[in-house]
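Thank you all for coming; I would like to take a few minutes to walk through one model with you. Please keep the sequence and the structure in view while I talk.

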Amino acid sequence: MIPKTFKEVIDLGDGREISIETGKLAKQAHGSVVVRSGNCMLLCTVVSNYKQSDVDFLPLTVDYREKFAASGRYPGGFFKREARPSDGEILTMRLVDRVLRPLFPKDYHAETQVMIQLMSHDDDVMPDAMAGLAASAAIQLSDFPFECAISEVRVGRVDGEFIINPTRAQLEESDLDMVIGASEDSVMMVEGEMKEISEEEMADAIKFAHEAIKKQVAAQHRLADAFGRKEVREYETAREDEELEKKIHDMAYDKVYAVAKAGSAKHERSAAFSEIKEDIVNSFSEEEQEEYNGLISKYYAKAEKAAIRDLTLNEGVRLDGRKTDEIRPIWCEVDYLPSTHGSSIFTRGETQALATVTLGTSREANQIDMPSFEGEETFYLHYNFPPFSTGEARPIRGTSRREIGHGNLAQRALKGMIPADCPYTVRIVSEILESNGSSSMATVCAGTMALMDAGVQIKKPVSGIAMGLITDTESGKYAVLSDILGDEDHLGDMDFKVTGTADGITACQMDIKVKGLSYEILVNALKQARGGRLHILDKLNETIAQPNDSVKAHAPKMVTTTIANEYIGALIGPGGKVIQELQKATKTTIVINEDPVTEEGIVEILGTDQAGIDAVLAKIDSITFKPQVGSVYEVKVIKMLDFGAVVEYKEAPGNEVLLHVSELAWERTENVSDVVNMGDEFDVKYMGTDPRTRKEKVSRKALLPKPEGYKERPPRSDRDRGGDRNKRPHSKQRRD
């Protein structure tokens, strides 16, 4: 029996559309949809256990995977099976998770899984832009307690025109690449990179995306209505006690307010808050503490948050005593590590990043192998966040999703400033040594200085800042916080990170928690962020104003040259013998890439010793040397023969040619040694290739004046050489 299916179509304009279909696949999941655009198809399923978990948070897993079969390919490597998710897949998971998680009730703690799979790939469709739509549409068909439908879209801009979900080719020409997540009435998440755009342009891009999202949300509602909406499941809600909440609020509020207003350091402040909480807990008997079972801590945290927010809104004072637009003290240093190719330290308040730069050849490029994209990165950044940076001891289980996300944000902030003609593959590693507020933005600043210290000729320095927003809908008050602390990260209604040069924004990441945030407030917040960015940029410029003129003495120098494809084999040699011996002798690294467009070989030479690099270039010149007819070249005698001398071109060592005895001098030469000897150096004229012998010919005598009375001998005729070879008798006839 053919299952009944339900389908809705969303018009993207310019002939493109997205369809959402349900009823055919994965019907045992609590909700499932297939989202399609062109030949790109995503299957999304959602399942949530009916029993609450024994944890005080939502155990939500968002999993996004791209199947290699979707693009008719095999997984790379020895094991032909998809394994751990790639960085690209993890970044898509984070984009979806950040929008979905806040929309579940705070007291909903059932194990929940959202699984999104790329089942069919289309080169003209970027699937990650539809992952949020697929997840929300599947949830709308379930019975989950979920606040409202959402969607996500990518926005590009080509020739001044915004485009929803651009192709990868369009994105190459775009001056921005942003993913926006929103509900029908509120923008919730923004992430992207830009080519130094203004705050107003960024707000316009968000508005444009929101209009498209509204259409996608409406399509989800139509699909859910046609399919038949399910009643929201019942679950064990968290216990509430209004009387207890008021009691704890009255006990904690004023004390917290006073501590917050004192503007103490992180550890002192944390100790003071812990003491207030402990006193409140101890004011209840053991029986009461057991009866309230977590409510005391919950209501204390709520009172603490209210007090700190009110302090900032009412008095413009923050936890550490700063004003709302004030940046913490900054100190920087470059060239700290003696053996790295570039290094820097950036410290802002209690956040510190140590960045290193490593320079390499194209062989060190980061290879990207995904079903939806194959390519390589010649600039990439890795971010590490060890537990000691926050004074904690916790298990180390490989690179976390957070580390991948923060590293990607910093990489996007800086990559537009790497010049197109940079010959190196560049890797930045950021080690977070202390953290109390936006280590990713500290990474951007440290990365900028490390690049300049390494001698990478970046176009402009980039700085970054983390911002916060506190609003009061009743009074209309709001406060934008520059350079937020770790504690402030959880208190505000919007947390956003902005990076840029003095001329515009290069990357951003926003999580907006308040509904219906006005674009006026958003633009004001972005403009305050610009002031903070420029302040930090001044501090970077005080430390290192411009990139060093050259790489460090111990860092590899890179020289790139091209050779015709016909010479690549000679440079490599049989079994790689020539290039291996050359690398060993010159202490260099040589990489050869063939350019199919120009049909040339691109040779990269990497070495710390300039003499070694020069030796490689000389060898390449020797291999590719091609003398021109009529040109004069200096040669050296390297071998004596009865019928001439073997000479080597001085400008192309290793290239030899025979100087025949007849070309030594105008006079008849009986012995070669009468004219030249081993080691003699002189000029010869290149005469081209002898048509009879098909060998190259050079002449010494062509550069000498003819002796007085010299007469040219007439050229020998065929008869003089023994007659016409075709008419000469066979050997038997001659014997007869």
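**Thr22 and its surroundings**

Let me begin with one residue: leaving out residues up to four places away in sequence, Thr22 touches Lys4, Thr5, Phe6, Ser32, Val33, Leu141, Leu223 and Phe227. I should say at once that this is a predicted model, and everything that follows should be heard with that in mind. Thr22 is found in strand E2, and it counts as buried because its relative accessibility is 5%, where the cut-off for buried is under 20%. One of its contacts, Ser32, is ten residues away along the chain, and the C-alpha atoms of Thr22 and Ser32 are separated by 6.3 Å.

That brings us to the sheet around this residue. Strand E2, residues 16–22, runs antiparallel to strand E3, residues 31–37, and three bridges join the two; within this pairing, Glu21 has Val34 of E3 as its bridge partner. The sheet as a whole is open and made of six strands, in the order E1-E2-E3-E4-E6-E5, with mixed pairing. At its edges are strand E1, 6–13, and strand E5, 60–66, each of which pairs on one side only, and from one strand to the next the twist averages 15°. Lying across E1, E2 and E3 is helix H4, residues 199–227, which runs at about 165° to E1.

From here it is natural to turn to the core. In general, nonpolar side chains of soluble globular proteins tend to be buried together. In this model the largest nonpolar core has 136 residues, and those that touch the most other members are Val33, Leu100, Met202 and Phe346. Helix H4 supplies the largest share of this core, namely ten residues. There is also a second, separate core of 26 residues, which includes Tyr253, Val281, Leu485 and Leu491. If we take Val33 and set aside its neighbours within four places in sequence, its contacts include Ile20, Glu21 and Thr22, then Leu42, Leu43 and Cys44, and also Leu223.

What does Ala442 touch, once residues up to four places away in sequence are left out? The contacts are Phe346, Arg348, Thr351 and Ala353, and we have already met Phe346 among the residues that touch the most other members of the largest core. Ala442 is found in helix H10, residues 439–453, and is buried, with a relative accessible area of 0%. As for a residue far along the chain, Ser264 is 178 residues from Ala442 in sequence, and the two lie 22 Å apart in space, C-alpha to C-alpha.

**Cysteines**

A brief word on the cysteines, since the structure holds zero disulfides. Cys148, for example, is in no disulfide, and the nearest cysteine sulfur, that of Cys44, is 16 Å away. Why does Cys148 count as partly exposed, while Cys422 counts as buried? The relative accessibility of Cys148 is 24%, whereas that of Cys422 is 18%, and the limit for buried is under 20%, so the two fall on opposite sides of the cut-off.

**Further along the chain**

Moving on, helix H12, residues 519–543, has 25 residues and reaches 36 Å from its first C-alpha to its last, close to the 36 Å expected at 1.5 Å a residue. Its buried residues include Ile521, Leu522 and Val523, but also Gly532 and Arg533.

Helix H14, residues 577–586, contains Gln583, which is buried with a relative accessible area of 19%. Outside the four places on either side in sequence, Gln583 touches Thr588, Thr589 and Ile590. Strand E23, residues 589–595, pairs in the antiparallel sense with strand E24, residues 600–607, over seven bridges, and Asp595 stands opposite Glu600 in E24. The two strands form a hairpin with four residues between them, and in the turn Glu599 has a positive phi of about 55°.

Finally, there is an open sheet of five strands, in the order E27-E26-E25-E28-E29, with antiparallel pairing. Strand E27, 656–660, and strand E29, 696–699, stand at the edges with a single partner strand each, so one side of each is left without a neighbour in the sheet. Neighbouring strands here are turned by 50° against each other on average, direction ignored. Within this sheet, five bridges join strand E25, residues 632–641, to the antiparallel strand E28, residues 681–689, and Val635 has Phe682 in E28 as its bridge partner.

Definitions and conventions: Residues are numbered from 1 along each chain as its sequence is written. This is a predicted model: local features need pLDDT of at least 70, side-chain atom pairs count only at pLDDT 80 or more; totals for chains, interfaces and linings use all residues. Side-chain values use heavy atoms; hydrogens and water are left out. Two strands pair if DSSP finds at least two bridges between them. Axes are lines fitted to C-alpha atoms, for helices over the stretch in contact, and angles run from 0 to 180 degrees between N-to-C directions. Contact means heavy atoms within 4.5 Å. A nonpolar core is a set of buried Ala, Val, Leu, Ile, Met, Phe, Trp, Tyr and Cys residues joined through side-chain atoms within 4.5 Å. Buried means under 20% relative accessible area, exposed over 50%, partly exposed in between (1.4 Å probe, protein chains only). The expected span of a helix is 1.5 Å times one less than its number of residues. A disulfide is a pair of cysteine sulfur atoms within 2.5 Å.
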